[in-house]
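Here is a short round of questions on one protein. Keep the model open as you read.

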Amino acid sequence: MVWDESRGACDPYNKTTCGADKFVDVILADQAASSYVDGIAFHWYADAHTNTSVLDHLQRTYSKQWILYTEACAGLDENKPDLGNWTRAEQYAHDIIDVKF
């Protein structure tokens, strides 16, 4: 897997280049490097701040690589379950299917 960061995060090697698409484009344009890449990994953090067009671009451009969300978290600030409250479930649903509630 390549990337494994939020879809709008900055390239860890070049802080002026932001967005998974730009980083992944560089890796997958290199024939030798791309031979080691089966998929593109993402974290769910900050998805609300980055348009899904990044995922659309990657899926269209690199259809042979799969896309997998590898990390997610909801309720980090609350530190305990809140039975009967569906806010966290709605946050996960938004991230998974990218709809507005």
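Q: How much accessible surface does the protein have, and what percentage of this surface belongs to carbon and sulfur atoms?
A: This is a predicted model, where local features need pLDDT of at least 70 and side-chain atom pairs count only at pLDDT 80 or more, while totals for chains, interfaces and linings use all residues. Residues are numbered from 1 along each chain as its sequence is written, and side-chain values use heavy atoms, with hydrogens and water left out. Areas come from the Shrake-Rupley method with a 1.4 Å probe. The accessible surface comes to about 7000 Å², and the share of carbon and sulfur atoms is 54%.

Q: Which pattern do the helices and strands follow along the sequence?
A: Helices (H or I, at least four residues) and strands (E, at least two) are DSSP runs, numbered from the N terminus. The protein has four helices and five strands. Read along the sequence, the pattern is β-β-β-α-α-β-α-β-α.

Q: Which element supplies the largest share of the largest nonpolar core?
A: Such a core is a set of buried Ala, Val, Leu, Ile, Met, Phe, Trp, Tyr and Cys residues joined through side-chain atoms within 4.5 Å; buried means under 20% relative accessible area, exposed over 50%, partly exposed in between (1.4 Å probe, protein chains only). The largest one has 14 residues, and Trp3, Val24, Ile40, Phe42 and Leu58 have the most contacts inside it. Strand E1 (2–6), helix H1 (20–29), strand E4 (39–43) and helix H3 (53–61) each supply at least two of its residues. The largest share, four residues, comes from H1.

Q: Which residues does Leu58 contact, leaving aside neighbours within four places in sequence?
A: Contact means heavy atoms within 4.5 Å. With those neighbours left aside, the partners of Leu58 are Ala20, Asp21, Val24, Ile40, Phe42, Ser63 and Ile67.

Q: Is Ala72 buried, partly exposed or exposed?
A: Ala72 lies in the loop between strand E5 (66–71) and helix H4 (87–97). Not counting residues up to four places away in sequence, Ala72 touches Trp44, Tyr45 and Tyr92. Its relative accessibility is 31%, so Ala72 counts as partly exposed.

Q: How far apart in space are Ala72 and Phe42, C-alpha to C-alpha?
A: In sequence, Ala72 and Phe42 are 30 residues apart. In space, their C-alpha to C-alpha distance is 9.3 Å.
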